Amino acid sequence: PGGKPKVRLRDYWDIIKGNRGLQMLILAASTDKLASTVANNSIVGIMVFGIICGNYAVSGQISAYTAIPTFILLILGATYAGRMGQRNAVTVFSALAILFQALILAMFVFGDPTQIGSNAVVTTVFIVLFVLRAGCMGVPSSLVIPMIADCADYELYRTGRFVPGMMGTLFTFVDQTISAFSNTIVGLLIATIGYTSVQPSVDDPLTTPIFVMAMFLWCGLPILGWICSLIGMKFTPLTKEKMAEVEEKIAVLKA
């Protein structure tokens, strides 16, 4: 296209209102971001590993094992997205993340999490599930930026307006807002189980309210976030076939 039209403040609402692909990506990305930020909160880590497992040091040890396998899974996810489309990749890896997170939850509910770090079999099973969950969780997050570009292309296809900078600004705002809001959510929820003036400590005894709240924050919220991602990908118009049509029209506009 020739020139870039000026974007007014009210155009933000017009584009969000009319661009279904952008709406669904905001739903998927924001809920994923909120859930993962809450799950990775240091207070949640203390509750899970320090109080429930009784071995806070094991969290750092396990995290050290996840870097390379997670990177490999991200490469596989990017390869899959290139072949099958980003929408399909987010759908598949979100579903897999739900599966592995549910298995971890079952391991904590029906097993003995205090054996993580001391029992070789239990520790190995947990590390495998943790690595698979971390890798699958990372794939949808890694696809947000290229999907933002798809939303910008779809807006050009839909209205003739090319506003990639506006898309980036919008998602930066959402990302920063969600990151700040996550600490508030954790603070409010742990206050409901008695932590109104102090934070959980590794020396605190394990109680049923602590266990339930930790599992909700660490497992429940991520699962809800991935379910929202599945809903968003179900109703987004930006399928692989649609993006091929979008690219064809953009090529004609440029020509």
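**Exercise 1. Work out which residues Glu155 pairs with, and how exposed each partner is.**

Start with Arg161: Glu155 makes a salt bridge to it, with the closest N and O atoms 3.1 Å apart. That passes the cut-off (a side-chain nitrogen of Lys or Arg within 4 Å of a carboxyl oxygen of Asp or Glu). Before going on, keep in mind that this is a predicted model, where local features need pLDDT of at least 70 and side-chain atom pairs count only at pLDDT 80 or more, while totals for chains, interfaces and linings use all residues. Residues are numbered from 1 along each chain as its sequence is written, and side-chain values use heavy atoms, with hydrogens and water left out.

Next, look at Arg158, where a salt bridge to Glu155 has its closest N and O atoms 3.0 Å apart. Glu155 and Arg158 sit three residues apart in helix H7, about one turn of the helix. (Helices are DSSP runs of H or I with at least four residues, strands are runs of E with at least two, and both are numbered from the N terminus.) Put together, Glu155, Arg158 and Arg161 form a salt-bridge network.

Now the exposure. Buried means under 20% relative accessible area, exposed over 50%, and partly exposed in between (1.4 Å probe, protein chains only). Glu155 has 0%, so Glu155 is buried. Arg158 is partly exposed because its value is 32%, and Arg161, at 23%, is partly exposed too.

**Exercise 2. Find how many salt bridges the whole structure has, and describe the one in helix H10.**

The search of the whole structure gives three. In H10 (residues 240-254), Glu245 and Lys242 lie three residues apart, about one turn of the helix. Their side chains meet in a salt bridge at 3.4 Å, N to O. Glu245 comes out at 38% relative accessibility, so Glu245 is partly exposed.

**Exercise 3. Check the length of helix H5, then see what surrounds Ser94.**

First, the length. The expected span is 1.5 Å times one less than the number of residues. H5 (residues 86-110) has 25 residues, so 36 Å is expected, and its end C-alpha atoms are indeed 36 Å apart.

Second, the cover. Buried residues of H5 include Val90, Phe93, Ser94 and Ala97. Helices covering the buried residues of H5 include H3 (42-52), H6 (120-142) and H9 (208-235).

Third, zoom in on Ser94, which belongs to H5. Its relative accessible area is 0%, so Ser94 is buried. Leaving out residues up to four places away in sequence, Ser94 touches Pro140, Trp226, Ser229 and Leu230, where contact means heavy atoms within 4.5 Å. The Ser94 side chain also reaches the backbone oxygen of Val90 at 2.7 Å.

**Exercise 4. Locate the nonpolar surface patch that includes Ile68.**

The patch is made by Ile68, Phe71, Ile72, Ile75 and Leu76, and covers about 510 Å². Ile68 is part of helix H4 (residues 57-84). With 64% relative accessibility, Ile68 is exposed.

**Exercise 5. Sum up the fold in numbers.**

Count the elements: 10 helices and zero strands. Then take the extent: the C-alpha trace spans about 65 × 40 × 25 Å along its principal axes. Finish with burial: 44% of the 255 residues count as buried.

Conventions: Patch = residues over 30% accessible without salt bridge, like charges linked within 9 Å, V, L, I, M, F, W, Y side chains within 5 Å. Areas by Shrake-Rupley, 256 points an atom, 1.4 Å probe, with all protein chains shown as cover. Polar contact = N/O pair within 3.5 Å; in protein donor to acceptor, adjacent residues only side chain to side chain.
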